[in-house]
Amino acid sequence: MLNGTCMYKKDKTSQKKITPIVADNLSVSFGSVNILNKINFKIHDKDITAVIGPNGAGKSILLQTINGLTNIQKGKITFNSFLHSDDIRKKQALVFQNPTLLRRNVLSNMEFIANIYKNIDKNIIQNSLVRCGLGGYDQKSARLLSGGEKQRLSLARALLTKPSILLLDEPTANLDPFSLKLIEDIILEENKKGTCIILTTHDMAQAKRLATNIIFMNKGEVIEQKNSKTFFNKPETNEALKYIKGEILL
Amino acid sequence: MNMNIILEALNKAIELVITTDESLFEILILSFKVSGISLLLSCLLGLPLGTLLAIKNFWGRNSVLILFNTMMGLPPVVVGLVVYLIVSRSGPLGWLGILYTPTAMIIAQMILITPIIVSLTAQIVEEISQEYKNLFTSLVVPAHKAIMAYLYDARYSILTVILAGFGRAISEVGAVIIVGGNIDHLTRVMTTTIALETSKGNLSLALALGIILLFIALITNFLLITIKMNAKRHMYV
């Protein structure tokens with residue numbers, strides 16, 4: 001090991017585990033604005049991690065950074081000691097807060113993924129749609145679906161890729177109870193199968209219901225990372241306590 | 001020229017169309033053949049190129065876009081002249097012997113249409129790529145599949161681009177008359193015939209072709225609007 005980069009593996013990861021995820025002094029900025037500032041955390045493979053914090057804390061950018069969509073200015077993020085690569089990205093699936101759906105019908109949106117990832121047949125597509133409550137929606141225009149249906153289609157599409165890491169950016173924001181329950185059940189099922197789940201949420205009850213691990217962020221920094229019970233029972237910082245109580249952080 | 005002469009020419013024109021006049025249809029078929037082939041080749045070249053320009057960032061990208069935008073307004077006679085100089089006997093491609101043939105006309109029309117296809121495609125795909133970019137990066141979509149997806153999802157807007165290219169090709173006269181020579185039964189197309197017959201005072205054939213040109217424009221626009229309205233209902237546009 002002669003220099004810093006040699007510490008990290010750069011070989012093919014297609015057959016390998018990509019957890020734990022470790023952020024080491026991770027900094028991301030857009031222009032002169034720091035979005036993530038020297039962030040450190042560690043996420044294990046069996047975790048359901050809820051990233052919580054007020055608006056503008058940097059939660060969505062954190063998910064995008066884990067997915068390799070942003071440029072890292074300083075620090076590193078590693079996946080089982082591997083640096084980011086297309087192979088790692090292929091093992092992740094990100095469900096965006098505002099789902100990006102192709103200008104096609106529901107089935108074509110699913111088939112697009114099947115066309116990129118191998119070993120996805122029609123049965124897998126149909127099972128994924130039914131699982132997400134979209135059975136019989138094949139020919140419907142994806143962009144004419146309701147907000148909840150769009151979010152569920154986006155999740156169904158993500159599940160097709162059988163990700164090792166599932167990233168969900170406010171997956172149930174503004175959804176009806178049916179969609180919320182369905183998505184939460186799928187999250188728990190996927191985690192039982194061994195998928196590492198990282199989600200952002202403003203819903204404290206949801207974070208308590210689902211998460212085993214909490215990352216609390218504010219102003220681009222990770223303020224606390226704890227297991228869920230400890231965080232909600234005994235938050236270490238005043239900021240976290242205020243946030244849990246519903247007091248706005250300045 | 002009074003109104004009666006115009007009406008008389010118009011009657012004769014309609015008669016030519018109804019009686020499926022042989023010379024008229026020969027001209028029509030050649031016009032569609034030349035414009036159709038040049039449009040097809042321009043689309044094969046211009047659609048992927050326009051998409052690449054929209055989604056790839058590289059040094060000089062804006063200059064290339066400005067160049068194609070500028071070329072949209074190329075004067076047909078200048079294009080005709082340049083192609084003429086290249087394919088004439090003493091030109092660099094003179095050995096091909098394609099001057100005064102439909103092939104030369106196709107080349108000239110391609111030069112005129114391709115910048116339109118490239119520039120308009122780039123504009124349309126750039127808009128849609130803002131929406132899809134993160135998703136495609138996240139899914140690690142290979143470049144060739146991304147290009148196909150952008151073109152497919154912009155298909156209704158791309159139809160307008162293709163129509164604009166066809167309109168430019170079928171109505172163009174300056175370039176094809178120089179490189180085609182307007183030779184009867186060989187390179188005579190609708191626009192060159194209209195120019196010739198008008199100069200000879202034979203307005204009926206010129207008007208017949210004019211009516212057909214307008215009719216084609218009307219039908220294609222009607223079809224396009226119907227397709228786009230249907231697409232809008234499904235929010236595919």
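**Figure 1. The fold of chain B in the predicted model is made of helices.** In this predicted model, the secondary structure of chain B comes to 10 helices and 0 strands. A reader who follows the sequence of chain B from its start to its end therefore meets the pattern α-α-α-α-α-α-α-α-α-α. Taken along the principal axes, the box filled by the C-alpha atoms of chain B has dimensions of roughly 65 × 50 × 25 Å.

**Figure 2. Helix 4 of chain B packs against helix 5 of chain B.** The axes of helix 4 (residues 76-87) of chain B and helix 5 of chain B lie 10 Å apart, and the two helices pack at an angle of about 135 degrees. The two helices are therefore oblique to each other, and helix 4 of chain B passes helix 5 of chain B in a right-handed crossing. On the side of helix 4 of chain B, the contact is made by Pro76(B), Val79(B), Gly80(B), Val83(B) and Val87(B), while helix 5 of chain B contributes Ala104(B), Ile107(B), Ala108(B), Ile111(B) and Leu112(B). When these residues are sorted by class, the contact has 9 nonpolar residues, 1 polar residue and no charged residues.

**Figure 3. Helix 5 of chain B also meets helix 6 of chain B.** Here the axes of helix 5 of chain B and helix 6 of chain B come within 10 Å and cross at roughly 130 degrees, and the two helices are therefore oblique to each other. The crossing in which helix 5 of chain B passes helix 6 of chain B is right-handed. Val125(B), Ile128(B), Ser129(B) and Phe136(B) in helix 5 of chain B meet Ala146(B), Tyr150(B) and Asp153(B) in helix 6 of chain B. By class, this contact has 5 nonpolar, 1 polar and 1 charged residues.

**Figure 4. Chain B touches chain A.** In the interface between the chains, 15 residues of chain B are in contact with 16 residues of chain A. On the side of chain B that touches chain A, the elements that give two or more residues are helix 5 (102-139) and helix 6 (143-153) of chain B. Helix 5 of chain B gives the most to this side, with 7 residues. Sorted by class, the side of chain B that touches chain A has 8 nonpolar, 4 polar and 3 charged residues.

**Figure 5. An open sheet of 6 strands in chain A carries a packed helix.** The strands of this open sheet in chain A stand in the order 5-6-7-3-8-9, and their pairing is mixed. Strand 5 (92-95) and strand 9 (221-227) of chain A stand at the edges, each with a single partner strand, so one side of each is left without a neighbour in the sheet. From one strand to the next, the twist averages 15 degrees. Within the sheet, strand 3 of chain A and strand 8 (residues 213-218) of chain A pair in the parallel sense over 4 bridges, and Thr49(A) stands opposite Asn213(A) in strand 8 of chain A. Helix 6 (residues 177-192) of chain A packs on the sheet, where this helix touches strand 3, strand 6 (165-169) and strand 7 (196-200) of chain A. The direction of helix 6 of chain A makes about 150 degrees with that of strand 7 of chain A.

**Figure 6. A second open sheet in chain A contains a hairpin.** This open sheet of 3 strands in chain A has the order 2-1-4, with antiparallel pairing. Strand 2 and strand 4 (74-79) of chain A stand at the edges, each with a single partner strand, so one side of each is left without a neighbour in the sheet. The twist averages 25 degrees from one strand to the next. Strand 1 (residues 21-30) of chain A and strand 2 (residues 33-43) of chain A run antiparallel and are joined by 7 bridges. Looking across to strand 2 of chain A, Val22(A) stands opposite Lys42(A), and the bridge partner of Ala23(A) is Phe41(A). The hairpin of these two strands has 2 residues between the strands, and in this hairpin Gly31(A) takes a positive phi near 65 degrees.

**Figure 7. Confidence along chain A.** Chain A averages a pLDDT of 91, and 93% of the residues score at least 70. In chain A, confidence is highest in strand 3 (residues 48-52), at 98, and lowest in helix 9 (residues 238-245), at a mean of 92. Over residues 1-7 of chain A the pLDDT is below 50, and this stretch has 2 contacts in the model beyond near neighbours in sequence.

Methods. Residues are numbered from 1 along each chain as its sequence is written. Chains are lettered from A and ligands numbered from 1 in the order in which they are written. This is a predicted model: local features need pLDDT of at least 70, side-chain atom pairs count only at pLDDT 80 or more; totals for chains, interfaces and linings use all residues. Two residues are in contact if their C-beta atoms, placed from the backbone, lie within 7 Å. Ala, Val, Leu, Ile, Met, Phe, Trp, Tyr, Cys and Pro count as nonpolar, Asp, Glu, Lys and Arg as charged, and the others, Gly among them, as polar. pLDDT is the predictor's confidence in each residue, from 0 to 100. Axes are lines fitted to C-alpha atoms, for helices over the stretch in contact, and angles run from 0 to 180 degrees between N-to-C directions. Angles under 35 degrees count as roughly parallel, over 145 as roughly antiparallel, 65 to 115 as roughly perpendicular and the rest as oblique. A crossing is left-handed if the near helix is turned anticlockwise from the far one by less than a right angle, and right-handed if clockwise. Two strands pair if DSSP finds at least two bridges between them.
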